[in-house]
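I opened this notebook to record what I looked up, beginning with a pocket and ending with a single buried side chain's surroundings.

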Amino acid sequence: MGTNRAWWGLVVLLLPTLLVAMDMTALFLALPQLSADLGAGSVEQLWISDAYGFMVAGLVITMGTLGDRIGRRRLLMIGAAAFAVLSVVAACSTSPAMLIVARALLGVAGATLMPSTLALITNMFPDGRRRGRAIAIWATCQFTGGALGPVLAGFLLQYFWWGSVFLVAVPAMAVLLLAGPVLLPEFRGGQAGRLDPASVGLSLAAVLLMVYGIKQLTVEDVPAGPAVALAAGAALGFVFVRRQLRLESPLLDLRLFRNRPFTGVIVALVFAGIAMAGTGLLVTQYLQSVLGFSPVLSAILFAPMGLGTAAGTMLAPALARRTSHTSAIAGGLVVSALGSLLLIFVGTDGPTALPLVMTGITVLALGTGPLFALGTGLIVGSVPPERAGSAAALSETGNYFGGSLGFALLGVVAAVVYRSHMNGTLPATDSLAGAIAAAARLPADQAAVLLDAARAAFTTGLHVNGAVAAAIFTGLAVLVRTMRPSTSAAEARLPDQEPAPQPS
């Protein structure tokens, strides 16, 4: 296709990229209001937050294979239409259960969008240099969307009800549905793998059971039920892996993991997502409930985290021209570790608290840019063009699964730290939000004591999160450098010399 048309097509593809990323983060600020309005309990709040991300993570590989088979543009259009309709349903939810179901179905629709956009980009830009620039723009847009999600949510919540957070997707998807057939060519892989319903079911069941087990460990005194769920999820995951190794056309081609740089990037995407999501979840609450900023101002103060990642992805191609991909990614991860360490020194108040937390999240995010930009290009460049959808799906799986898992795992760590520090404090509360609610019913002097203890306990949880994130990023930097002997060959494939598949 023509160069100008390809770039205009890229502009259209940025719409679903923005919307899916925004939907992952918009509920950071909307969750307190919608929970109060719908009467959602603590477990229901966790499922409202995580149902979307885990469904994306669980189904994105399936959708990548489906796009290779039926056509990437066709799948994109179907997903966009479903996303628009389900956004209206979510906005009009009247109960926690209805919203959880709507969010889960939105995750199914979102899973069709991301691999389709990235796969189409690889097809629309056969030249390796232009493709690298397009992927960097795509990644920048993805993380800009993550940054804009809380900002837009904060603005909307200031003037409208919480359902408006979901409705912003509708006009954007309408533009995609109108412009997509005109500007986007159709591509499908001639040798796309078939869909295997048993593999789809096994992967979903394994993910959801393990997530359920992790979540319930934070709220149940007796760990037997969550332990059974975790064991069942692990067993189904093992069966899934065995099945993929035996199938001629597996849903997930595990042979790709024989490529050491490929494996290193996937692992790095998962664990970087854990560190970033957990940090984002705690920092947004810290800004509002500890430092006392309004939702709108908290969203603005939190925006540097997403914008820092966006800046890092845009700088990555220039950095890669001066050093190896491995060195660029590993160096960036070291920068992220240093940013995470700054969070250890934030306090509950004082003139340095806000500058420290903002500097920390900005530096942390900036360092991840090379991983997301160059790592995504490495993954897509590791497979033949006709399997681009499946490779893009693996990249997105690592990203979204890591992000969703970060909410659960580091949320658990923060909850454990909070409870240990609040043990013996009356009235007993299991969260900072609960302490704030309890304080409203107490005399002023007792309320002040409770709030001081709760804010100190929560800030300690943020310190622990910073230390954990720093350890994760440092370990990932070592891992990526360990993969260096095999990286040169993989990098040579990024300027893909193979002809792109012809539009159907």
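I first sorted the lining of the second largest pocket by class and found 20 nonpolar, six polar and no charged residues. Here Ala, Val, Leu, Ile, Met, Phe, Trp, Tyr, Cys and Pro count as nonpolar, Asp, Glu, Lys and Arg as charged, and the others, Gly among them, as polar. I note that the model is predicted, with local features needing pLDDT of at least 70 and side-chain atom pairs 80 or more, while totals for chains, interfaces and linings use all residues. Numbering runs from 1 along each chain as its sequence is written, and side-chain values use heavy atoms, without hydrogens and water.

I then asked which helix gives the most to this lining. H9 does, with six residues; helices are DSSP runs (H or I, at least four residues), numbered from the N terminus. Among the lining residues, Val 207, Phe 240, Leu 252, Thr 397 and Phe 401 lie nearest the pocket's centre.

Next I looked up the largest nonpolar core, which has 137 residues (buried Ala, Val, Leu, Ile, Met, Phe, Trp, Tyr and Cys joined through side-chain atoms within 4.5 Å). Its largest share, 15 residues, comes from H11. Leu 34, Tyr 286 and Phe 473 have the most contacts inside this core.

I followed Phe 473 to Ser 340, one of the residues that Phe 473 touches (heavy atoms within 4.5 Å). Ser 340 lies in helix H13 (residues 325–342). Ser 340 counts as buried because its relative accessibility is 0%, where buried means under 20% relative accessible area with a 1.4 Å probe, protein chains only. Beyond four places in sequence, its contacts include Leu 364 and Gly 466.

Definitions and conventions
1 Å grid on protein atoms, 1.4 Å probe; cavity = no way out; pocket = protein on both sides within 12 Å on 5 of 7 lines; lining within 4 Å. Helix = DSSP H or I, 4+ residues; strand = E, 2+ residues; numbered from the N terminus. Buried < 20%, exposed > 50% of the residue type's maximum accessible area, 1.4 Å probe, protein only.
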